[in-house]
Amino acid sequence: MTVQAAGARRPGLTWPFLRLRVAGYAFFLPFFVVFLVTVVAPLAYAIYLSFFQDRLIGGTVFAGLANYTRAIGDALFGAGLLRVALFLVVQVPIMLLLALGCALAIDSGRLRWPAMFRITIFMPYAVPAVVAALMWGYMYGDQFGLAGQIGDALGVALPDLLSRSWMMSSIGNMVTWEYVGYNMIILYAALRAIPEELYEAAEIDGAGAIRTAWSIKLPALRPALLVATIFSIIGSFQLFNEPNIVQKLAPAVITTSYTPNMYAYNLAFNGQQINYSAAVAVVLGLVTVVVAYAVQLITARREKTL
Amino acid sequence: MTAVAEASPAVDAHRSRSARRRRGKSPTLTVIMLVMFAYAVLPLFWLLANASKSGADLFSTFGLWFGGDFHLFANIGDTLSYQNGIFLRWFGNTVLYSVVGAGGAALLATIGGYALAKYDFPGRKALFAMVLGGISIPGTALAVPTYLLFSRIGIVDTPWAVLIPALCSPFGLYLMRVYAADAVPDSILESARIDGAGEFRIFRTIALRLLAPGFVTVLLFSLVATWNNYFLPLIVLNTPDWFPLTVGLNQWNAQANSGTSGAGDATYQLILTGSLLSIVPLIVAFLVLQRFWQSGLATGSVKQ
Amino acid sequence: MRSFVRTAGVAAALSVALAACGGGSGGSGGASAPAAAPSKSAAVQDALSKPAELTFWSWVTGIEKTVARFQAKYPNIKINLVNAGQSADQYTKLQTAIKAGSGAPDVAQIEYFALPQFALSKQVVNLADYGAGALKDKFAASAWAQVAVNGGVYGIPQDTGPMAMFYRKDIFDKLKIEPPKTWAEFVEAAKKIKADNPDNFITTIDPGDAGGVDSMIWQAGGTPFKTSGESSVSVTLGSDPGVKQWVSTWNTLLGEKLVDPQPGWTDDWWKGMGSGKYATWLTGAWAPNGIVNSIPKTKGKWAVAPMPQFDAAKPMNAENGGSSVAVIPQSKNIPAAVAFAEWLNSDPEAVKSLNTEAGLFPATKVLLDDPAFRDAPLEFFGGQKINQVLGDASTAVRPGWQYLPFQVYANSIFKDTVGQAIDGGGDLAAALKSWQDRITAFGTEQGFTVSGG
């Protein structure tokens with residue numbers, strides 16, 4: 001962000017300069033108040049809660065860091081983290097590659113009906129996760145669901161998509177379906193921002209479509225890809241809606257600690273362990289921030305060395 | 001978060017894409033994209049086909065095609081009249097939450113993003129980093145603290161409990177900060193200041209107009225987020241009269257999935273039809289708003 | 001079996017007579033309930049004539065009709081009926097609202113398995129203090145036993161779910177199998193069904209439904225959960241004889257793939273129930289509504305029989321599901337709330353409405369013993385008088401079962417442990433042991449003294 005505010009050029013506590021500061025704060029204030037109320041206050045309260053222990057017998061006692069040491073050694077929490085990390089490593093690249101392919105294809109000018117493709121591929125993003133999970137859940141059914149019916153029609157036994165070995169892929173498919181269009185739009189917007197002169201130069205050089213894509217479009221897309229990646233990382237760590245709805249169809253596969261977020265939820269809501277749940281949430285948030293930041297650092301460093 | 005300006009929908013609307021328009025169409029590419037098209041549309045088609053079936057056909061006919069009788073309109077009638085027409089009430093609630101919430105969120109994000117991009121005030125970077133960090137905290141885990149806080153200020157089980165959180169869009173702020181950096185040239189601000197215009201007037205008369213395409217984009221994304229919001233309303237609302245569609249449909253689903261107490265109504269048909277009805281307005285909004293952000297996103301002269 | 005049914009019938013008739021004699025004596029409340037303070041009972045009597053506004057949380061479909069009858073009779077009292085979610089969803093909201101100190105209803109539906117948890121943490125009013133003990137004789141013993149917990153009366157029974165075997169008569173007739181009277185016969189029948197068509201099963205077992213397994217253990221004579229005093233519990237999922245009996249039968253059924261580990265209430269499950277893939281459904285007496293509403297095309301194919309027994313000489317039954325109606329201490333008008341809860345579940349007009357308009361299986365003797373209820377032939381069930389079977393099932397419920405004061409959590413982690421063995425194959429005894437371990441760990445953390453075995 002290389003934006004220079006007008007006032008920054010001549011530091012000093014003169015009124016015109018102060019006036020800009022005041023205006024800046026004033027403009028930022030409404031958003032910040034809402035942010036404080038809806039994010040910071042609950043978060044601060046959660047952190048506060050995480051230092052206590054509330055028991056059915058014996059009431060609330062100060063617990064210090066006990067909830068945190070427990071969270072760090074908690075095998076269920078660890079397994080959930082590992083599961084979403086695996087999900088992240090597999091699903092996010094697939095989804096982003098698909099989104100990239102679609103964005104490049106729509107932007108290429110070589111596709112028929114590009115507007116139609118853009119809107120239909122984006123459409124699933126408009127479907128509530130609740131409805132999406134409901135639809136895919138019905139379709140995955142191996143007996144009377146779509147998978148089962150297609151299997152019967154072809155005379156083969158398709159694998160049970162809701163079984164232990166397929167569940168992660170099935171959830172991955174649901175998430176990909178929902179968000180591939182969204183990411184495509186972000187990348188597409190970035191492609192649209194590439195100055196025309198670059199294309200003209202490439203054309204004069206006699207570069208083909210693929211070379212243009214490789215040497216002009218991809219470098220220009222890097223920042224957008226980084227943003228999409230960061231948001232996908234955050235989304236993966238917070239995976240909740242899809243497994244939580246599908247669990248009705250496969251209760252034994254999707255355990256109460258299937259993802260860290262589900263674990264925190266079940267602790268708080270079924271187990272009334274609000275305090276421990278808050279600690280798990282805080283640790284999860286920290287892990288997410290660290291991973292997202294690390295990805296950003298690695299990308300930034302690579303960019304510098306290039 | 002440096003050098004991400006290109007990621008924004010901030011796009012210059014004056015460039016021509018003549019170079020690309022001249023290339024021929026590729027059938028191979030079109031066929032490959034048709035596969036993606038089928039992937040995106042198939043579940044929606046399944047929903048349409050099954051929402052058009054009678055209850056008896058639902059459990060006995062092929063999933064990816066229509067049943068014997070076309071029951072869609074009868075099902076819509078049933079859905080709209082079930083439980084004294086509560087579906088329409090939910091629909092109205094969702095519209096209220098989305099329009100007010102997303103409109104407010106887009107406005108706050110626009111003003112805030114503009115402030116971050118165009119004014120240099122101490123703590124600016126720290127505040128921005130804090131907002132981005134806020135996105136990383138799982139909302140589900142904050143649900144209980146949020147509930148307890150809202151309860152303390154007495155807004156649990158009122159529309160405010162859904163509306164206030166909907167006003168906060170860190171992603172929108174991020175987007176608008178990036179967008180404002182490009183879309184509002186410093187030189188215009190400088191000359192307005194030299195002319196003696198106040199900061200608020202500059203924002204209202206000059207900046208807001210330049211930020212309009214970005215505003216619409218943020219509005220669209222916030223609209224989707226609010227329309228599809230499920231978890232928070234589920235926690236903070238008890239009275240079905242205030243439910244949005246997502247929570248209401250899930251309640252019907254829970255009802256269909258449990259009979260341990262009371263008469264389990266056969267509501268599968270209503271859930272499918274309700275789901276279909278709930279996504280139609282958003283898709284329509286996309287198609288309508290598409291024209292707006294097309295002008296914001298893409299170059300005006302290119303009608304591919 | 002015949003003779004058992006007759007005996008049960010006689011017993012029921014006897015208890016009616018006793019109830020009639022004992023009517024009006026009052027104060028015969030829960031186990032060790034202290035005599036109700038007369039002023040509080042009087043306040044409940046008066047409450048119905050004074051203006052009041054009450055919020056009532058219930059997720060029972062059709063209960064609005066019963067509430068409307070109350071409104072017609074007592075126009076002074078306004079009832080705001082709210083469906084705040086099903087079961088655990090509602091409990092979450094209720095507990096959070098109670099914790100927050102505002103937003104809780106005056107009256108709430110609470111299932112029997114969750115009631116001890118609310119009772120222990122004083123999140124529901126001890127109705128014995130308000131004279132509810134006097135209602136004891138109006139209710140089936142099995143229903144009353146489930147609200148008379150921790151030495152008080154914490155809810156008014158609303159409906160019950162005595163277990164029975166709902167079976168596809170057409171399938172049993174076709175294969176010339178008698179409906180099994182014992183679990184041994186059940187296993188044999190399962191083998192025949194499987195031999196006829198390997199895709200079919202005698203029944204399903206839901207890997208996520210702790211309540212179903214709790215009930216079957218109860219029916220097998222087990223009492224694996226016990227509470228003594230306020231803070232000590234015992235969990236004996238490893239050593240309880242009833243648990244062992246259930247394990248041996250179901251290890252066989254699951255091991256030989258004679259039952260389908262299919263989650264209940266799903267699309268796939270209903271389709272299987274409709275198509276004849278599943279031949280029986282072992283469940284609570286509330287089931288007929290679901291069958292009639294969800295798979296109407298199977299009309300005339302279903303029949304009801306008592307649960308298979310481990311020891312036919314000593315028949316035992318259990319409850320599955322069912323709810324009570326409790327009063328929340330935050331209520332600003334507890335007497336009115338108590339009066340409403342009592343009317344709703346014990347007034348003859350109300351209980352009839354709950355049965356016919358809300359589809360609940362009754363908890364009250366006035367209905368269970370009513371010939372018009374008992375002897376009504378149901379067309380959907382081929383004219384069978386199913387309420388006779390179900391009413392007798394209610395009488396046969398084995399007393400002495402207890403739930404943990406944190407059963408909601410214990411049930412929620414059932415699928416993480418026992419559900420794994422049900423779904424993935426594996427020894428049920430080992431799985432129950434791991435359930436026991438997680439329950440013990442949780443209980444200890446919550447400050448209970450947990451003894452096990």
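Select helix 5 of chain B and turn to the face that points away from its buried side, where the exposed residues K125(B), A126(B) and A129(B) are carried. The model is a predicted one, and this helix is a convenient place from which to begin the tour.

Now rotate to the other side of helix 5 of chain B and select L127(B), F128(B), V131(B) and I135(B), which are the buried residues there. Viewed along the axis of helix 5 of chain B, the buried residues fall within an arc of 100°, so they line one face of the helix. In general, an α-helix has 3.6 residues a turn, so residues three or four places apart point the same way. If you place a distance between the end C-alpha atoms of helix 5 (residues 124-135) of chain B, you should read 17 Å, which agrees with the 16 Å that its 12 residues should span at 1.5 Å a residue. To see what covers these buried residues, display helix 4 (72-118) and helix 8 (170-183) of chain B, and then add helix 1 (15-49) and helix 9 (209-237) of chain A, since the cover includes elements of both chains.

Widen the selection next to the whole of chain B, which has 13 helices and 0 strands, so that reading along the sequence gives the pattern α-α-α-α-α-α-α-α-α-α-α-α-α. Of its 304 residues, 51% count as buried, and among the contacts in chain B between residues at least 6 apart in sequence, 76% join residues at least 24 apart.

Before going further, colour chain B by pLDDT, which averages 79, with 81% of the residues scoring at least 70. Within chain B the confidence is highest in helix 7 (residues 160-166), at a mean of 93, and lowest in helix 1 (residues 18-21), at 46. Residues 1-21 of chain B stay under 50, and for this stretch the model has 64 contacts beyond four places in sequence. At the other end of the numbering, select residues 298-304 of chain B, where the pLDDT is also below 50 and where the model has 14 contacts beyond near neighbours in sequence. Where pLDDT is low, the predicted coordinates should not be read in detail.

A single residue makes the next stop: select Q251(B), which lies in helix 12 (residues 245-256) of chain B. Is Q251(B) buried or exposed? With 23 C-beta neighbours inside 10 Å, Q251(B) counts as buried. Leaving aside residues up to four places away in sequence, Q251(B) touches P240(B), and it also touches N83(C) and G85(C). For a sense of scale, draw a C-alpha to C-alpha line from Q251(B) to L64(B), which is 187 residues apart from it in sequence and 26 Å apart from it in space.

Move on to the contact between chains A and B, which takes 92 residues from chain B and 89 residues from chain A. On the side of chain B that touches chain A, the largest share, 12 residues, comes from helix 2 (residues 27-51) of chain B. If you colour this side of chain B by residue class, its residues divide into 58 nonpolar, 22 polar and 12 charged.

With chain A alone on the screen, count 12 helices and 2 strands, which run from the N terminus as α-β-β-α-α-α-α-α-α-α-α-α-α-α. The radius of gyration of chain A is 24 Å, well over the 19 Å that the globule rule gives for 306 residues, so chain A is more spread out than a compact globule. Its C-alpha trace spans about 75 × 75 × 35 Å along the principal axes, and buried residues make up 51% of the 306 residues.

Finish with chain C, whose secondary structure comes to 20 helices and 12 strands. A compact globule of 453 residues would have a radius of gyration near 22 Å, and chain C agrees with this at 22 Å. The C-alpha trace of chain C spans about 65 × 50 × 40 Å along its principal axes, and buried residues make up 58% of the 453 residues.

As a last selection, show the contact of chain C with chain A, which takes 31 residues from chain C and 22 residues from chain A. Helix 4 (87-100), helix 11 (267-275), helix 18 (407-412) and helix 19 (414-424) of chain C each supply at least two residues of the side that touches chain A, and the largest share, 7 residues, comes from helix 19 of chain C. By class, this side of chain C has 12 nonpolar, 13 polar and 6 charged residues.

Notes:
Residues are numbered from 1 along each chain as its sequence is written. Chains are lettered from A and ligands numbered from 1 in the order in which they are written. This is a predicted model: local features need pLDDT of at least 70, side-chain atom pairs count only at pLDDT 80 or more; totals for chains, interfaces and linings use all residues. pLDDT is the predictor's confidence in each residue, from 0 to 100. Helices (H or I, at least four residues) and strands (E, at least two) are DSSP runs, numbered from the N terminus. Two residues are in contact if their C-beta atoms, placed from the backbone, lie within 7 Å. The expected span of a helix is 1.5 Å times one less than its number of residues. A residue is buried if 20 or more other C-beta atoms lie within 10 Å of its own, exposed if 12 or fewer, and partly exposed in between; C-beta atoms are placed from the backbone. The arc is that of the directions from the helix axis to the C-beta atoms. Ala, Val, Leu, Ile, Met, Phe, Trp, Tyr, Cys and Pro count as nonpolar, Asp, Glu, Lys and Arg as charged, and the others, Gly among them, as polar. The radius of gyration is taken over C-alpha atoms; the globule rule is 2.2 Å times the number of residues to the power 0.38.
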